[in-house]
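Work through the exercises below with the sequence and the structure at hand, and try each task before reading its solution.

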Amino acid sequence: MRELRIAAVADIHLGEDLRGHYRKKLEGIERRADVLLVGGDLTRHGTVEEGRVVADELRDLQIPVVAVLGNHDYHSDHDRDIISILRDAGIIVLDDEAAVLPVDGVRLGVAGGKGFGGGFAGKCASEFGEPETKAFVRHTREIAERWRWALKDLEADHKIVLSHYSPVKDTLMGEPPEIYPFLGSYLLAEAADSEGADLFVHGHAHAGTEKGVTPGGIRVRNVALPVIKHAYTVYCLDGDYC
Amino acid sequence: METPHYVAARVQRALAEDDRTNELGIRVDVRGEQVYLRGQVSCEERRHQIEDVAREAAPGLRVHNEITLVEVREPGEEEHL
């Protein structure tokens with residue numbers, strides 16, 4: 001089986017002031033990678049106008065582009081519009097679902113969505129007390145359940161989870177520990193560990209670190225642009241060379 | 001003089017909630033009458049907008065803009081998993 005080259009980035013935070021800049025960095029990506037994953041916070045304010053900039057920057061690449069939204073993309077309540085604009089531009093947008101991409105006979109399955117927070121085992125919120133607290137935790141739990149089903153039904157040779165929020169603390173190192181509950185949740189890792197995956201890609205933690213691992217042994221990579229400091233990073237799955 | 005702790009919190013909140021910025025990752029430290037802004041953004045315009053919003057949220061204080069620009073380099077070496 002041929003190796004797969006996964007390009008990944010998150011937190012590109014595009015807007016009219018950056019139009020054209022990111023696109024330039026994607027030149028030649030088809031020679032370096034088989035697919036580009038974009039882990040949310042595509043925009044800064046979540047406006048339709050910014051959504052159009054993102055679509056223009058990512059459209060018509062010679063490799064498939066798979067994206068999820070991030071919290072910034074929800075800020076102006078136009079998340080559904082942004083998803084439509086991106087899909088019209090040929091970008092695969094995962095909203096708690098999965099997609100299978102054939103790459104030279106190898107089936108790459110990608111599952112995921114925005115994700116959400118709540119914290120990490122032993123130091124996390126639970127569905128108890130005020131309705132607002134319950135709603136916060138329930139949102140993450142329901143997302144994790146949908147991901148679990150999406151992964152379970154996914155028939156692919158390799159599986160990747162694409163998220164905005166983090167599944168582990170490892171990749172948050174550098175962020176203030178007090179805000180960890182707003183940066184991710186162990187429920188996301190638990191969903192991936194229960195069904196299995198080759199890689200878990202996320203963003204959101206600009207001051208975090210790139211590399212981590214879930215309790216079940218799935219490699220985690222924080223590809224937030226300020227963390228990787230490159231237009232994207234390429235991860236190779238199952239091969240001796242790239 | 002207002003407690004620096006609350007000034008820093010107000011500036012941080014303004015940077016997150018003001019539509020000109022919506023920046024969550026900027027560190028704000030207040031020491032006496034000095035405000036220090038640290039973090040990374042993508043372009044010069046955003047760097048200036050953050051300073052403007054911080055000045056409005058902390059009138060009378062001196063704002064030091066120590067925010068740097070994210071340098072987006074060409075893709076580097078691949079990692080084999």
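The exercises that follow concern a predicted model, and they go from annotated regions to sheets, helix pairs and the contact between chains.

**Exercise 1. Annotated regions**

Find which residues of each chain the UniProt domain annotations cover, and describe the secondary structure of those stretches.

Solution. Begin with chain A, where UniProt, in an unreviewed entry, places the feature "domain: Calcineurin-like phosphoesterase" at residues 4-207. Over residues 4-207 of chain A, helix makes up 30% and strand 23%, and the C-alpha atoms at the two ends are 28 Å apart. Then turn to chain B, where the UniProt annotation "domain: BON", also from an unreviewed entry, covers residues 3-71. Over residues 3-71 of chain B, helix makes up 41% and strand 26%, while the end C-alpha atoms lie 35 Å apart.

**Exercise 2. A sheet with strands from both chains**

Determine the order of the strands in the open sheet that includes β6(B), and explain which strands stand at its edges.

Solution. Reading across the sheet, the 6 strands come in the order β4(A)-β3(A)-β2(A)-β1(A)-β13(A)-β6(B), and their pairing is mixed. At the edges stand β4 (92-93) of chain A and β6 of chain B, each of which has a single partner strand, so one side of each is left without a neighbour in the sheet. Next, look at the pairing at each end. Strand β3 (residues 65-68) of chain A runs parallel to β4(A) and is joined to it by 2 bridges, with A:Ala67 standing opposite A:Val93. At the other end, strand β13 (residues 233-237) of chain A and strand β6 (residues 79-80) of chain B run parallel and are likewise joined by 2 bridges, and here A:Tyr235 has B:Glu79 as its bridge partner.

**Exercise 3. A sheet within chain A**

Describe the open sheet that contains β5 and β11 of chain A, and state which helix packs on it.

Solution. The order of the 6 strands is β5-β6-β9-β10-β12-β11 in chain A, again with mixed pairing. Its edges are β5 (97-103) and β11 (211-213), and because each has a single partner strand, one side of each lacks a neighbour in the sheet. From one strand to the next, the twist averages 25°. Within this sheet, β6 (residues 106-113) and β9 (residues 158-163) of chain A run parallel and are joined by 6 bridges, and A:Gly109 has A:Lys159 as its bridge partner in β9(A). Helix α5(A) packs on the sheet and touches β5, β6 and β9 of chain A, its direction making about 170° with that of β6(A).

**Exercise 4. Two helix pairs**

Decide how the helices α5(A) and α6(A), and then α3(A) and α4(A), are oriented.

Solution. The helices α5 (residues 131-152) and α6 (residues 186-195) of chain A pack at an angle of about 20°, with their axes 9 Å apart. Angles under 35 degrees count as roughly parallel, and therefore α5(A) and α6(A) are roughly parallel to each other. Their crossing is right-handed, and their contact has 7 nonpolar, 2 polar and 5 charged residues.

For the second pair, the axes of α3 (residues 48-58) and α4 (residues 79-88) of chain A come within 9 Å and cross at roughly 25°, which makes α3(A) roughly parallel to α4(A). The crossing of α3(A) and α4(A) is right-handed, and their contact has 6 nonpolar, 1 polar and 2 charged residues.

**Exercise 5. The contact between the chains**

State how many residues each chain gives to the contact.

Solution. Chain A gives 25 residues and chain B gives 18 residues. On the side of chain B that touches chain A, these residues divide into 5 nonpolar, 6 polar and 7 charged.

How values were computed:
Residues numbered from 1 in each chain as written. Chains lettered and ligands numbered in written order. Predicted model: local features only at pLDDT ≥ 70, side-chain atom pairs only at ≥ 80, totals over all residues. Contact = placed C-beta atoms within 7 Å. Nonpolar A, V, L, I, M, F, W, Y, C, P; charged D, E, K, R; others polar. Pairing = 2+ DSSP bridges. Helix = DSSP H or I, 4+ residues; strand = E, 2+ residues; numbered from the N terminus. Axes fitted to C-alpha atoms, helices over the stretch in contact; angles between N-to-C directions. Parallel < 35°, antiparallel > 145°, perpendicular 65-115°, else oblique. Left-handed = near helix turned anticlockwise from the far one by under 90°. UniProt positions renumbered as here; feature names shortened; annotations may be inferred.
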